[in-house]
Each structure stands twice: as C-alpha cells, then as structure tokens.
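Q: Please take a close look at one part of this structure and describe, step by step, how that part is built and what surrounds it.

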Amino acid sequence: MDEFSEDKYQSCIKIYNDLAFTGNTLGHLKVYKLNFEGNKIANCEMINQNTTDHSRIINNIVLHPNRKIVFTASNDGTAKMFEFQTLKMLKNSLRLFKPNS
C-alpha cells in the first residue's frame with residue numbers, strides 16, 4: 001500500500017473488485033490495480049491518473065457497471081465523465097454550482 005501513502009491529500013477512495021480509485025484535494029484522479037493474496041491486498045500499482053480536469057477536491061467517484069466510464073464530483077462545482085482506460089474526459093463537465101473563491 002506504499003503507493004497510496006505517497007498521495008498525502010486523498011479525499012475519496014472507492015474500491016471496485018480489483019481496482020481502487022482515489023481523488024485528492026488537488027483534484028487529481030488516480031486508478032490502482034490491487035493484487036490479492038487470499039483475501040488481503042498484497043500490493044497495488046498505479047495504472048492511470050488524470051491531474052488536469054478538476055481544479056479542487058474530488059468528493060465522489062463512481063465506476064459505471066460496464067466498467068467503461070468513471071464519474072466524479074468535485075468542489076470545483078462540476079461533475080465529470082471519464083473513459084476508464086485513458087481517464088480522458090468524455091464530455092464537457094456539468095456545472096453543478098458556482099464555487100466560492
């Protein structure tokens with residue numbers, strides 16, 4: 001789990017089977033591949049990241065059941081959709097509210 005500790009400002013962690021998604025206070029979205037030994041996590045490896053599309057803390061992350069789309073919500077006032085394999089934003093962000101300065 002050393003890779004998780006490198007990112008000291010995590011705000012959100014979601015685990016889906018063998019994948020862990022983290023969002024942090026800087027708006028960075030990261031995906032880790034979890035490797036298990038029995039029912040314990042033996043190690044993890046960061047497999048992708050997006051550090052450009054959110055400008056503030058990520059509050060929530062949801063993986064679509066088809067495992068092709070990742071949804072995020074942030075204090076920058078937006079909800080965004082990303083293609084799972086590349087973490088490239090799929091559509092323009094949805095403005096949820098106007099954030100305070």
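**The hairpin and its surroundings**

A: In this predicted model, strands β3 and β4 form a hairpin with 2 residues between them. Within the turn, Gly38 has a positive phi of about 70°. The two strands of the hairpin pair in the antiparallel sense over 9 bridges. One of the pairs across them is formed by Glu37 and Lys40, the latter in β4.

The other neighbour of the hairpin is considered next. Strand β3 (residues 29-37) is also joined to strand β2 (residues 19-24), by 5 bridges, and these two run antiparallel. Here Thr22 has Lys30 of β3 as its bridge partner.

The hairpin therefore belongs to an open sheet of 4 strands with antiparallel pairing, in the order β1-β2-β3-β4. β1 (10-16) and β4 (40-50) stand at the edges; because each has a single partner strand, one side of each is left without a neighbour in the sheet. From one strand to the next, the twist averages 25°.

Strand β3 also contributes to the nonpolar interior. The largest nonpolar core has 12 residues in all, among them Leu19, Phe21, Leu29, Val31, Ile58 and Phe82. At least two residues of this core come from each of β2, β3 and β5 (58-63). The most is given by β5, with 3 residues.

Leu29, a member of this core, shows how the parts meet. Leaving aside residues up to four places away in sequence, Leu29 touches Thr22, Asn48, Gln49, Asn50, Ile58, Ile61, Val70, Thr72, Phe82 and Leu87.

Methods. Residues numbered from 1 in each chain as written. Predicted model: local features only at pLDDT ≥ 70, side-chain atom pairs only at ≥ 80, totals over all residues. Heavy atoms only, no water. Pairing = 2+ DSSP bridges. Axes fitted to C-alpha atoms, helices over the stretch in contact; angles between N-to-C directions. Core = buried A, V, L, I, M, F, W, Y, C linked by side-chain atoms within 4.5 Å. Buried < 20%, exposed > 50% of the residue type's maximum accessible area, 1.4 Å probe, protein only. Contact = heavy atoms within 4.5 Å.
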